Amino acid sequence: MAGRRFAPYTEAGMVEPEPVRSGEFRIDRRRAIELLSRYQLASPHLFPLPWIRAAVASGASGVEALDGRDRFELRFEGLPFAPGELGEPLSSLPADRAEPRLQELARGALCAFGAGVDHVFVRAGPAGARHALKLTRDGESVEPVVEGETRVVIGADWGPGGRPAAFDAGIAALGREV
């Protein structure tokens with residue numbers, strides 16, 4: 001094997017590796033979301049379950065579900081997500097980086113993308129100081145929003161294809177789990 005270098009060994013073990021070079025790399029966000037969304041829950045159509053866990057971790061005593069043909073929403077009273085917490089929601093996935101409610105929000109979003117939603121949204125904050133997150137496979141935005149609602153709202157829009165029939169089975173299974 002001429003031309004290949006191997007780290008020398010000592011009696012104590014391998015010598016510390018030395019950096020050869022440094023640099024940057026870019027991750028294809030759309031592809032990463034696609035891959036990660038496959039491995040979150042047994043069925044991606046159970047995506048409301050992590051959001052219910054996020055609500056409980058936020059101190060909610062109850063959760064209201066609004067299920068429509070083009071949209072699914074959960075609403076609850078609890079600790080609202082601050083604009084800074086929503087800035088990069090998927091960065092909350094590593095276990096050592098965030099509190100459980102942010103991890104569950106991100107996990108639910110990944111599952112929702114696996115179920116075929118067009119985008120995920122969150123609206124939170126007190127009246128007069130609310131903000132809205134719109135999360136797509138390509139990026140996210142957080143903007144101020146004016147509305148009468150004061151509860152935290154987490155939801156998903158299905159987009160032009162509408163809600164898949166498999167979501168109904170997921171919601172039925174969710175009702176058995178909660």
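**Entry 1: Glu104**

I started at Glu104 and listed its contacts, leaving aside neighbours within four places in sequence: Pro50, Trp51, Arg53 and Ala54. The model I am reading is a predicted one. Glu104 sits in helix H4. Is Glu104 buried or exposed? Its relative accessible area is 14%, and because the cut-off for buried is under 20%, I logged Glu104 as buried. I then looked for a polar partner of the side chain and found the side chain of Arg107, with a polar contact at 3.0 Å.

**Entry 2: Leu105**

I moved one residue on. Leu105 also belongs to H4, which covers residues 100–115. The relative accessible area of Leu105 is 4%, so I logged Leu105 as buried. Which residues does Leu105 touch, not counting those up to four places away in sequence? I noted Trp51, Ala54, Phe81, Leu86, Val122 and Ile154. I also took a C-alpha distance: Leu105 and Ala55 are 50 residues apart along the chain, and their C-alpha atoms are separated by 8.9 Å.

**Entry 3: Trp51**

Trp51 appeared in the contact lists of both Glu104 and Leu105, and I looked up its own list. Not counting residues up to four places away in sequence, Trp51 touches Leu74, Glu104, Leu105, Gly108, Ala109, Ala112, Val120, Ile154, Gly155 and Ala156.

**Entry 4: the core**

I next asked for the largest nonpolar core. How many residues does this core have? The count is 31, and the residues with the most contacts inside it are Phe47, Trp51, Phe81, Val117, Val120 and Ile154. Two or more residues each come from helix H2 (48–57), strand E4 (71–76), H4, E5, E6 and E8. H4 gives the largest share of this core, nine residues. As background, I noted that nonpolar side chains tend to be buried together in soluble globular proteins.

**Entry 5: strand E5**

I took E5, residues 119–124, residue by residue. Six of its six residues are buried, so E5 is largely enclosed by the rest of the structure. Which residues of E5 point one way, and which the other? His119, Phe121 and Arg123 point one way, Val120, Val122 and Ala124 point the other way, and all are buried.

For pairing, I found that E5 and strand E8 (residues 152–157) are antiparallel over five bridges. In E8, Val153 is the bridge partner of Arg123. E5 is also joined to strand E6 (residues 130–135) by five bridges, again antiparallel. There the bridge partner of Ala124 is His131. E5 and E6 form a hairpin with five residues between them, and I noted that Gly125 in the turn has a positive phi of about 115°.

**Entry 6: the sheet**

I then traced the whole sheet. In what order do its six strands lie? The order is E3-E4-E8-E5-E6-E7, in an open sheet with antiparallel pairing. Strand E3 (64–67) and strand E7 (140–145) stand at the edges with a single partner strand each, so one side of each has no neighbour in the sheet. Neighbouring strands of this sheet are turned against each other by 15° on average, direction ignored.

At the E3 edge, four bridges join E3 to E4 in the antiparallel sense, and Ala65 stands opposite Leu74 in E4. At the E7 edge, E6 and E7 pair antiparallel over six bridges, with Ser141 in E7 as the bridge partner of Lys134. E6 and E7 form a hairpin with four residues between them.

**Entry 7: helices on the sheet**

I checked how H2 and H4 lie against the strands. H2 lies across E4, E5 and E8 and runs at about 15° to E4. H4 packs on the sheet, where it touches E5, E6 and E8, and its direction makes about 150° with that of E5.

**Entry 8: totals**

I closed with values for the protein as a whole. I counted five helices and eight strands, which run β-β-α-α-β-β-α-α-β-β-β-β-α from the N terminus on. Of the 178 residues, 37% are buried. Among contacts with a separation of 6 or more, 61% are between residues 24 or more positions apart. The protein exposes about 10,800 Å², and carbon and sulfur atoms supply 54% of that area.

Notes:
Residues are numbered from 1 along each chain as its sequence is written. This is a predicted model: local features need pLDDT of at least 70, side-chain atom pairs count only at pLDDT 80 or more; totals for chains, interfaces and linings use all residues. Side-chain values use heavy atoms; hydrogens and water are left out. Buried means under 20% relative accessible area, exposed over 50%, partly exposed in between (1.4 Å probe, protein chains only). Contact means heavy atoms within 4.5 Å. Two strands pair if DSSP finds at least two bridges between them. A polar contact is a pair of N or O atoms within 3.5 Å; within protein, one must be able to donate a hydrogen and the other to accept it, and residues adjacent in sequence count only if both atoms are side-chain atoms. A nonpolar core is a set of buried Ala, Val, Leu, Ile, Met, Phe, Trp, Tyr and Cys residues joined through side-chain atoms within 4.5 Å. Accessible areas come from the Shrake-Rupley method with a 1.4 Å probe; for residues, only the protein chains shown count as cover. Axes are lines fitted to C-alpha atoms, for helices over the stretch in contact, and angles run from 0 to 180 degrees between N-to-C directions.
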